[in-house]
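Please open the structure in your viewer and keep the selection tool at hand. The tour below proposes residues to select, one stop after another.

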Amino acid sequence: MSEITHNSAKNPSPAPKSHLWVEFLGSMNLAVTLLVMLAIASVIGTILKQDQSVQDYIIKFGPFWSEVFQSLGLFHVYGAAWFILVLLFLLVSTAVCVTRNTPGFLREIKQYNENLSLNALKHQPLTTEFDLPVPQQQAVQTVGETLHAYGYRFKQKNHADGTLVFAGLKGRLNRLGYILTHISIIIICIGALFDSNLLLKYRELSGQLAPETRAIPLNEIPKKSWVGADNFSFRGSVNIPEGQSSDILFLPYDQGFLVQQLPFKIKVKDFRIRYYDTGMPKSFESDIVLTAPDLEKPIEKTISVNHPLIYKNYAIYQSSFGDGGTKLKIKVYPLLSPIVNPTNIDTAINQVEPLKTPAGTFKAEFNDFKLFNIVPASKEEQAKTGKKMHNNGPSIIFKVRNEQGIAWEYENFMLPVEQQGRWFFITGVRTTPSEPFRYLFIPADKQKSKKRFFEFLALLNNPIKIENMLQQAFPKTDQVSEKNYRLQIKLMQQLVTLFRQKGFEGITDFVQKNVPKDQQKKVTDFYFGQTSMALQTLYLQFLKQTGRIKPNQTDLDDFDKKWFEDALTTINNISHYGPPMYFELESFKQIQATGLQITKSPGKNIVFFGSALLTIGVFLLFYVRIRRIWVALTPINGTQTHLLMAARDPKKLPETEKEFAILADEIKEKLQEAKL
């Protein structure tokens, strides 16, 4: 486009004011500006992942920058209004440029300029002249044959003085390259506009369409957020669980989404996934069945990444996978209860369960299930098993939300995990998606269960039982008064309760608020000593009463000692765990879902055609040179001929003079040989 405009600007002429807009639209500056804008937009669209949820962008860029990028349309570049406007302007600008300059180029490649005078030929960029010892008629034949051999088409012109001029032209397809290049840009812009959401933008501006921004059931989405099967082009996605079907998909639009109705139905018969040893997905594929009213029988095909199902002008791609509503059996343990009394819940992924507890009313939102959790193995495990990776087993990710809308997100693992020779049940919690999980390690008992932990925790939640156990362990003696004895037992009981509620940190805070500063260290040490003694005593009594050790046993084995230390560490941190509930994944029935991306792209073939034309045009521009040559033969005395040779090449290349000299020398040699 720039070359066309540049050539036309060599002989500028004043344009009427009515043509100023035409001059502006066909200008090189506007075309370059638009192309740069499209290039920048393409870079942004490649680097920045498009059409993700608003929450994902907030997590990645923060509230401020995500709002800025959203207002600029950078999260949906190819559907942004400014991007479509740039395409329209580029299309118009290129069309104006081609319309104005194509006739001139067509005339140029048809003209041989055989009417140039000898004086004009002498002023061409390349010239040479010499006398030939042959008559004009013989020179004419030799010059014509040589020019034809070098690929020149030419015309002959006889001047009044007897001079015969050969006007040769070579490389006319170069100008065709300029035309094809600009026409291809127009075609590509048309194809891109076909696949844009220009029609949706119009319907939105006219009030016929409104994107939905709420997370509501499908049957509650208003009709204004639905798009019919007659939608010209789209690109959307849908997750379909195994054994289920769908005839809709969701189109990301602005800050919400639209529901696209499909003219066919897709059923997922089966979904398969294979993993690398690292736990990363290796491959995944879906067996799908497509049914439509115009099909005599359904289309069945296995699709995988880069191997879509093509139906008419629809393409169905395997793009992702996820959970399709795995069935879960959950036990909810109340962490503040004086008895072990878990609540049983039968639920599924993507379901919400209400929970009424003494601590308040909550909602449990089950978001995801993972069958495998592959992590690097410890050095000890690598030495023992020879494997570099370790599978922590199934896990669930869920949120617990209170009545004020505040949510805690959890990651709970089903199976115990070995850590330094001991087994733990792992549970993680976080309050915002941007922060990592903070993990609690619940020690497993000898049967690799949580039973001992929750029984011991229930004991620490029961002040009356604590007091009775302490009295049994520390009977009153005659040396201690009844009052002091009661105070001592009460102190240990209160310290244990405070530890259970806030950990050792709670005891420290209590001392700092209620004890003079100069006595705080002494009192803190005393309280910690009393708390540790009380906890050890309660643990020993607990083991005896539950039959885990003999009634007269006072020494514990290494397992019981380490279990106690691990349990205290967990209880010390449990106050930061969120709502006082623990969710145990008791069993599950996995249901997987395939993520399909479905596109309707009528402009795709148009863009391909335009790209092919662009490739041809660029090739002609760079590898085909337009060259002109003139050979004037003037007779001298009937036996000799004066030859004037001139040439012009718009591209001043080093080989131009060399080619001109070779052609001149060859003509001269042939004519001299003909004389001999």
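The stops that follow describe what is found at each selection. Please bear in mind throughout that this is a predicted model.

**Stop 1: a hairpin and its neighbour**

Begin by selecting strand S7, residues 256–275, together with strand S8, residues 281–291. These two strands pair in the antiparallel sense, over ten bridges. S7 and S8 form a hairpin, and five residues lie between them. Within that turn, select Gly 279, which has a positive phi of about 95°.

Next, locate Asp 270 and look across to S8, where Asp 287 stands opposite. Add Arg 272 and Glu 285 to the selection: together with Asp 270 and Asp 287, these residues are linked in a network of salt bridges.

Now extend the view to strand S9, residues 299–304. S8 and S9 run antiparallel and are joined by six bridges. To see one pairing position, select Ile 288, which stands opposite Lys 301 in S9. As a general point to keep in mind while viewing strands, side chains in a regular strand alternate between the two faces of the sheet.

**Stop 2: three salt bridges**

How many salt bridges does a search of the whole structure find? The search gives 24. Three pairs are visited here.

Select Glu 586 and Lys 331, which form a salt bridge whose closest N and O atoms are 3.9 Å apart. Glu 586 belongs to strand S23 (residues 581–589) and Lys 331 to strand S12 (residues 327–334), so this pair ties together parts that are 255 residues apart in sequence. Glu 586 counts as partly exposed because its relative accessibility is 41%. Lys 331 likewise counts as partly exposed, at 22%.

Move on to Arg 625 and Asp 649, whose side chains meet in a salt bridge with an N to O distance of 2.7 Å. This pair links distant parts of the chain, 24 residues apart. Arg 625 sits in the loop between helix H16 (604–623) and strand S25 (627–636), while Asp 649 sits in the loop between strand S26 (640–648) and helix H17 (654–675). Are these two residues buried or exposed? Arg 625 counts as buried, with 14% relative accessibility, and Asp 649 is buried too, at 11%.

Finally, select Glu 666 and Lys 670, a salt bridge in which the closest N and O atoms are 3.2 Å apart. Both residues lie in helix H17, and the four residues of separation correspond to about one turn of the helix. Glu 666 is partly exposed at 23% relative accessibility, as is Lys 670 at 32%.

**Stop 3: a nonpolar patch**

Switch to a surface display and select Ile 190, Phe 194, Leu 199, Tyr 202 and Phe 232. These residues form a nonpolar patch on the surface, with about 470 Å² of accessible area together. Helix H8 (173–194) and helix H9 (198–205) each supply at least two residues of the patch. Ile 190 has its place in helix H8 and is partly exposed, with a relative accessible area of 32%.

**Stop 4: two cysteines**

A disulfide is a covalent bond between the sulfur atoms of two cysteines. How many disulfides does a search of the whole structure find? The result is zero. To see one example, select Cys 97 and Cys 189: the sulfur of Cys 97 has its closest cysteine sulfur in Cys 189, and at 13 Å that is too far for a bond. Cys 97 counts as buried, at 0% relative accessibility. Cys 189 is also buried, with 3%.

**Stop 5: contacts around helices H11 and H15**

Select Phe 453 in helix H11, residues 451–460. This residue is buried, with a relative accessible area of 1%. Leaving aside residues up to four places away in sequence, Phe 453 touches Ile 442, Pro 443, Trp 563, Ala 567, Thr 570 and Ile 571. Phe 453 and Ile 571 are 118 residues apart in sequence, yet their C-alpha atoms are 9.6 Å apart in space.

For the last selection, choose Asp 566 in helix H15, residues 558–573. Asp 566 is buried, at 12% relative accessible area. With the same exclusion of residues up to four places away in sequence, Asp 566 touches Arg 422, Phe 424 and Pro 443. Pro 443 is thus a residue to display with both selections, being touched by Phe 453 and by Asp 566.

Key: Residues numbered from 1 in each chain as written. Predicted model: local features only at pLDDT ≥ 70, side-chain atom pairs only at ≥ 80, totals over all residues. Heavy atoms only, no water. Salt bridge = Lys/Arg side-chain N within 4 Å of Asp/Glu carboxyl O. Buried < 20%, exposed > 50% of the residue type's maximum accessible area, 1.4 Å probe, protein only. Patch = residues over 30% accessible without salt bridge, like charges linked within 9 Å, V, L, I, M, F, W, Y side chains within 5 Å. Areas by Shrake-Rupley, 256 points an atom, 1.4 Å probe, with all protein chains shown as cover. Contact = heavy atoms within 4.5 Å. Pairing = 2+ DSSP bridges. Disulfide = S-S within 2.5 Å.
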